[in-house]
Amino acid sequence: MSESRYTPPRVWTWDQANGGQFANINRPIAGPTHEQALPVGEHPLQLYSLATPNGVKVTIMLEELLALGHRGAEYDAWLIRIHEGEQFGSGFVALNPNSKIPVLQDRSGAEPQRVFESGAILLYLAEKFGALLPQDLATRTECLSWLFWQMGSAPFLGGGFGHFYVYAPEKFEYAINRFAMEAKRQLDVLNRRLADNRWLAGDEYSIADIAVWPWYGELVRGNLYGAAEFLQVQEYPHVQRWANEMAARPAVQRGRMVNRLRGELSEQLHERHAASDFDTRTQDKLEAQAAATPA
């Protein structure tokens, strides 16, 4: 390895120029950087998010609830541009002191309820609507074990492998090798589980699948970090079977579009306020309408 040796100083100090692609928003302190109120729509559930893997979990969950007939799951999804630091606005920080997307506000009760952290939001919605969370103790426990497996594992895939493979300003062999090994180990864990089970909790589709798919399902489908060949994802056929079965679900397809800023314009729905928005307000249609409107 040709990397230069680094000796940490006795006391770490913040170098604002360090951090590569995210240097303009990374900082070692919490709290808001500016005053910015959040918009509020007409539905009880207000989501403030971006279509990262963590954000997609919640929009898939909401679309699955609506597909099951839970009308109370109607929601407004507002776009938070994290690369522009909108997660540090005062209104956002009031809902999530950790300044990370997604965050949900439930305004259906006497007092608004904030819910932050994607796993907590999935569990909150599952319990609120009595859906996508197994009822018997053994299967529920299996579901929650895989839900929390994702919470503990994905930082190694995202902040570890994804950061050093894609976002770091320099390529470091040690770091990429370290986290590639862990990403493949995690894929093997899933592959072994899914070899004998249709879904992660067993025979029942659940919030465990919804939590894991945007990370590992999209990874093996070639939609995350451009790393499918590097990680040889074809070695995990059971994960691929499960990932493709999920991708075929209409609610997953809709949820994947909400708050999306990348990819085909027809798959980007920057804000979602009604089910009809999928037919009328995707970015390709909005741009076509703007082009046809006289100046």
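Me: In this predicted model, at what angle do helix α1 and helix α3 pack, and how far apart are their axes?
Reply: Start with the direction of each helix and the gap between the two axes. Here α1 (residues 53–67) and α3 (residues 118–129) pack at about 10 degrees, and their axes are 9 Å apart. Angles under 35 degrees count as roughly parallel, and therefore α1 and α3 are roughly parallel to each other.

Me: Which residues of α1 and α3 make the contact?
Reply: A contact has two sides, so to speak, and you can read one after the other. From α1 come N54, K57, V58, M61, L62 and L65, while α3 supplies S118, I121, L122, L125, A126 and F129. Sorted by class, this contact has 9 nonpolar residues, 2 polar and 1 charged.

Me: Now the sheet, please. What is the order of its strands?
Reply: Read across the sheet, from one side to the other. The order is β2-β1-β3-β4, in an open sheet of 4 strands with mixed pairing. β2 (75–79) and β4 (113–116) each have a single partner strand, so they stand at the edges, and one side of each has no neighbour in the sheet. From one strand to the next, the twist averages 20 degrees.

Me: In which sense do β1 and β3 pair?
Reply: Follow both strands and look at their bridges. β1 (residues 45–49) and β3 (residues 103–106) pair in the antiparallel sense, over 4 bridges. One example to find is L47, whose bridge partner in β3 is L104.

Me: Which strands does α1 touch, and which does α3 lie across?
Reply: Take the helices in turn. α1 packs on the sheet and touches β1 and β2, with its direction at about 150 degrees to that of β1. α3 lies across β1, β3 and β4, and runs at about 130 degrees to β4.

Conventions. Residues numbered from 1 in each chain as written. Predicted model: local features only at pLDDT ≥ 70, side-chain atom pairs only at ≥ 80, totals over all residues. Heavy atoms only, no water. Axes fitted to C-alpha atoms, helices over the stretch in contact; angles between N-to-C directions. Helix = DSSP H or I, 4+ residues; strand = E, 2+ residues; numbered from the N terminus. Parallel < 35°, antiparallel > 145°, perpendicular 65-115°, else oblique. Contact = heavy atoms within 4.5 Å. Nonpolar A, V, L, I, M, F, W, Y, C, P; charged D, E, K, R; others polar. Pairing = 2+ DSSP bridges.
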